[in-house]
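Please open the model in your viewer and keep the selection tool at hand; the tour goes from one selection to the next.

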Amino acid sequence: MKKYNSFISDSRLKGLSIRNLKIIDSTTISLFSEILQGVGRNRLDGSRKKGGIKVHTLMDAFSGVTEFVRITPAKEHDRKFLYHLKLKEGSWIVFDKAYNTYHHFAKWTAQKVWFVSRMKDNAVFHVTKVLVDKTKKKQAIGVIKEQYITVGIKTNGTVTERLKLRRVIYKAKDGKRYIYITNDFTLPASKIATIYKNRWMIELLFKQIKQNFPLRYFWGESDNAIKMQVYCVLIAQLLMVVIRKKAATKKSFANMITVIRLHLMSYVDLLEFIKDTYKAWRKTHNASFAFST
């Protein structure tokens, strides 16, 4: 990542004017509880309980690859991942409401690290100021409400501090409403909604990895062997992104990987082969496409 980050990163994301955007999420890889402890209660019929690993991921939105991961048993709560993050001042981070913890929100605010997340349905808050309210307009879409709020930070069950946040309600064209919270008070509310929309990039990353680098079969059953295989997959995905950028190919990611998988040991220039497969093959074998009938 240190070597290739600037090369593979896009200078802009559609609709965004910020830099250093990180996305957090996790994906679960199913295993059996003999390898890693399963989730939930023991099965009454005596059958094996499915366990698994949870790959907690910090993704760089501008490069589209994993920047930091932590692998844990699937039963570990997502929020614990936050304790292992080291974010620079001025960073932006976006995540789902499973990671919501007001203590970290206060810590990031003090460090000038900005976040965008969805608000939990049962969240308790106090409204201090209403900036926009279009909720009574039936045809309104986009940002329909913007508020300044405070939330309580508890210590030993008692509220000891109140944190100022910004609450944005966004109505999509299909009528669904999304409630976002952020500690940034400068960007337009529409930009806050756009930042959260980019969270789906990490879902696409997980899909890309699982479809092209299957993690259904493992070389070993030990905790360490499984983690090594997961890291190999993440390294391979990074290398494929680098190769695709260097080759400037229009091939889909899946097609490119298929070509590389089949011709990894072929005596042909890889980048040329990816960019123009037929031209590279003719050049290597001094062949032509003139056929006699």
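Select residues 142-155 and 158-171, strands E7 and E8 (strands are DSSP runs of E, at least two residues, and helices runs of H or I, at least four, numbered from the N terminus), which run antiparallel and are joined by 13 bridges; two strands pair if DSSP finds at least two bridges between them. This is a predicted model, in which local features need pLDDT of at least 70 and side-chain atom pairs count only at pLDDT 80 or more, while totals for chains, interfaces and linings use all residues. Residues are numbered from 1 along each chain as its sequence is written, and side-chain values use heavy atoms, with hydrogens and water left out.

Within this pair, Glu146 stands opposite Val168 in E8. Move to the two-residue turn of the E7-E8 hairpin, where Asn156 has a positive phi of about 55 degrees although Asn156 is not a glycine. Asn156 counts as exposed, at 80% relative accessibility (exposed is over 50% relative accessible area, buried under 20%, partly exposed in between, with a 1.4 Å probe and protein chains only).

Next add strand E9, residues 177-182, which is antiparallel to E8 and joined to it by six bridges, with Lys171 opposite Arg177 in E9. Five residues separate the strands of this hairpin, and Gly175 takes a positive phi near 95 degrees.

Finally, select Leu21, Trp92, Ile195 and Met240, the residues with the most contacts inside the largest nonpolar core, which has 53 residues; such a core is a set of buried Ala, Val, Leu, Ile, Met, Phe, Trp, Tyr and Cys residues joined through side-chain atoms within 4.5 Å. Helix H5 (residues 223-247) gives the largest share of this core, 10 residues.
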